[in-house]
Amino acid sequence: MVQQWKEERLEMVWIPKGNIESSDYYKRYRELIRDPELKKACRENAYTLVFKPHPLMEPYLGGIVEDTEVRYMGGEISYRDVLSMGSLMVTDYSSLAFEFAYLGKSTLYYPFDRKDFFASHTYRQGYFDYVRDGFGEVCNSKKELVGRIISYMENGCTVKDKYRERMQKLYPCHGGACSRIYEHIRQLTIGEGKL
């Protein structure tokens, strides 16, 4: 991908190099959302398969969904809304997995291009290891991913204990932030004799 600046609106526009439809990313996600076994399991378990691409990719991925069984969500719906209604997230490297974890929801990672991604992308691998620190299983093949998605659907997308523990470790004080902040400030001011 290359960058192009549009000075009249001061925004950065990403333009894919070559044909996006021939990219591994496009092919892998198209194969996933068209998988007959996955779509059948969605019907049987009353789930809707939703594809929500990164905002910079939206202009190039509108044609990836070709049937009515999969819902494409572009800019018309916010990530906040997608996260709040979602039961299970499949992602490659998105930091949205942290927000999904805060909501206490299940995540599966599908970093099929891990080696190339970290060698050529602006994002660099840091301390966070998806296997050691992630909030769900890391799937290295479409077959493995589809199997895990189906397993989660059959179990109500319940977070597994191992990943719930990681979520609780990262977010030990879930909810009630305003009350905790107020009480902490109140205790500080009482200690200083200002109340």
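Here are some worked exercises on the predicted model shown above.

**Exercise 1. Getting oriented**

Task: Find how many helices and strands the protein has, and what share of its residues count as buried.

Solution:
- Start with the secondary structure: the protein holds 10 helices and 6 strands.
- Next, turn to burial: 34% of the 195 residues count as buried.
- Finally, look at how the chain meets itself. Taking contacts between residues at least 6 apart in sequence, 51% join residues at least 24 apart.

**Exercise 2. The largest nonpolar core**

Task: Work out which elements supply the largest nonpolar core, and which residues have the most contacts inside it.

Solution:
- The core has 41 residues, and Leu38, Ile64 and Met153 are those with the most contacts inside it.
- At least two core residues come from each of helix 1 (24-33), helix 2 (36-45), strand 3 (49-51), helix 5 (96-102), strand 6 (106-109), helix 8 (142-154) and helix 9 (161-170).
- Helix 8 gives the largest share, 6 residues.
- Now zoom in on isoleucine 64. Setting aside residues up to four places away in sequence, isoleucine 64 touches Tyr26, Tyr29, Arg30, Ile33, Arg34, Phe51 and Tyr72.

**Exercise 3. Two helices, two faces each**

Task: For helix 2 and helix 9, say which residues are buried and which exposed residues lie on the face turned away from them.

Solution for helix 2:
- Leu38, Lys39, Ala41 and Cys42 are the buried residues of helix 2.
- Around the axis these residues cover an arc of only 160°, so they sit on the same side of helix 2.
- The face turned away from the buried side carries the exposed residues Pro36, Glu37, Arg43 and Glu44.
- To see what covers the buried side, look for helix 1, strand 3, strand 4 (70-72) and helix 8, which are among the covering elements.

Solution for helix 9:
- Here the buried residues are Tyr163, Arg166 and Met167.
- Viewed down the axis, the buried residues of helix 9 fall within an arc of 100°, and therefore they line one face of the helix.
- Asp161, Glu165 and Lys169 are exposed on the face turned away from that buried side.
- The cover over the buried residues of helix 9 includes helix 5, helix 7 (130-133) and helix 8.

**Exercise 4. A pocket and its lining**

Task: Describe the second largest pocket by its volume, its lining residues and the nonpolar, polar or charged character of that lining.

Solution:
- Volume comes first: about 200 Å³ of space lies in this pocket.
- For the lining, pick out Phe98, Tyr127, Phe128, Arg132, Asp133, Phe135, Arg166, Lys169 and Leu170.
- Sort these residues by character, and the lining divides into 5 nonpolar, no polar and 4 charged.
- Then sort by element. Helix 7 and helix 9 each supply at least two lining residues, and helix 9 gives the largest share, 3 residues.
- Link this back to Exercise 3: Arg166 is one of the buried residues of helix 9, while Lys169 is one of the exposed residues on the face turned away. Both Arg166 and Lys169 are in the pocket lining.

**Exercise 5. Positive phi in two loops**

Task: Alanine 46 and cysteine 157 have positive phi values; decide whether each is buried or exposed.

Solution:
- Alanine 46 belongs to the loop between helix 2 and strand 3. Its phi is near 60°, a positive value in a residue other than glycine.
- With a relative accessible area of 69%, alanine 46 lies over the 50% cut-off, so alanine 46 is exposed.
- Cysteine 157 sits in the loop between helix 8 and helix 9, and has a positive phi of about 55° although it is not a glycine.
- At 7% relative accessibility, cysteine 157 is under the 20% cut-off and therefore counts as buried.

**Exercise 6. Threonine 91 and histidine 54**

Task: Place threonine 91 and histidine 54 in the structure, and classify the accessibility of each.

Solution:
- Threonine 91 is in strand 5 (residues 88-91). Its relative accessibility is 6%, so threonine 91 counts as buried.
- Leaving aside neighbours within four places in sequence, threonine 91 is in contact with Tyr29, Ala97, Thr107, Leu108, Tyr109 and Tyr110. Tyr29 also touches isoleucine 64.
- Histidine 54 lies in the loop between strand 3 and helix 3 (58-61). Its relative accessible area of 46% makes histidine 54 partly exposed.
- As a last step, check the distance from histidine 54 to glycine 74, 20 residues apart along the chain: their C-alpha atoms are separated by 8.7 Å.

Note on methods. Residues numbered from 1 in each chain as written. Predicted model: local features only at pLDDT ≥ 70, side-chain atom pairs only at ≥ 80, totals over all residues. Heavy atoms only, no water. Helix = DSSP H or I, 4+ residues; strand = E, 2+ residues; numbered from the N terminus. Buried < 20%, exposed > 50% of the residue type's maximum accessible area, 1.4 Å probe, protein only. Contact = heavy atoms within 4.5 Å. Core = buried A, V, L, I, M, F, W, Y, C linked by side-chain atoms within 4.5 Å. Arc of directions from axis to C-beta. 1 Å grid on protein atoms, 1.4 Å probe; cavity = no way out; pocket = protein on both sides within 12 Å on 5 of 7 lines; lining within 4 Å. Points joined across faces, edges and corners; volume = space filled by probe spheres on them. Nonpolar A, V, L, I, M, F, W, Y, C, P; charged D, E, K, R; others polar.
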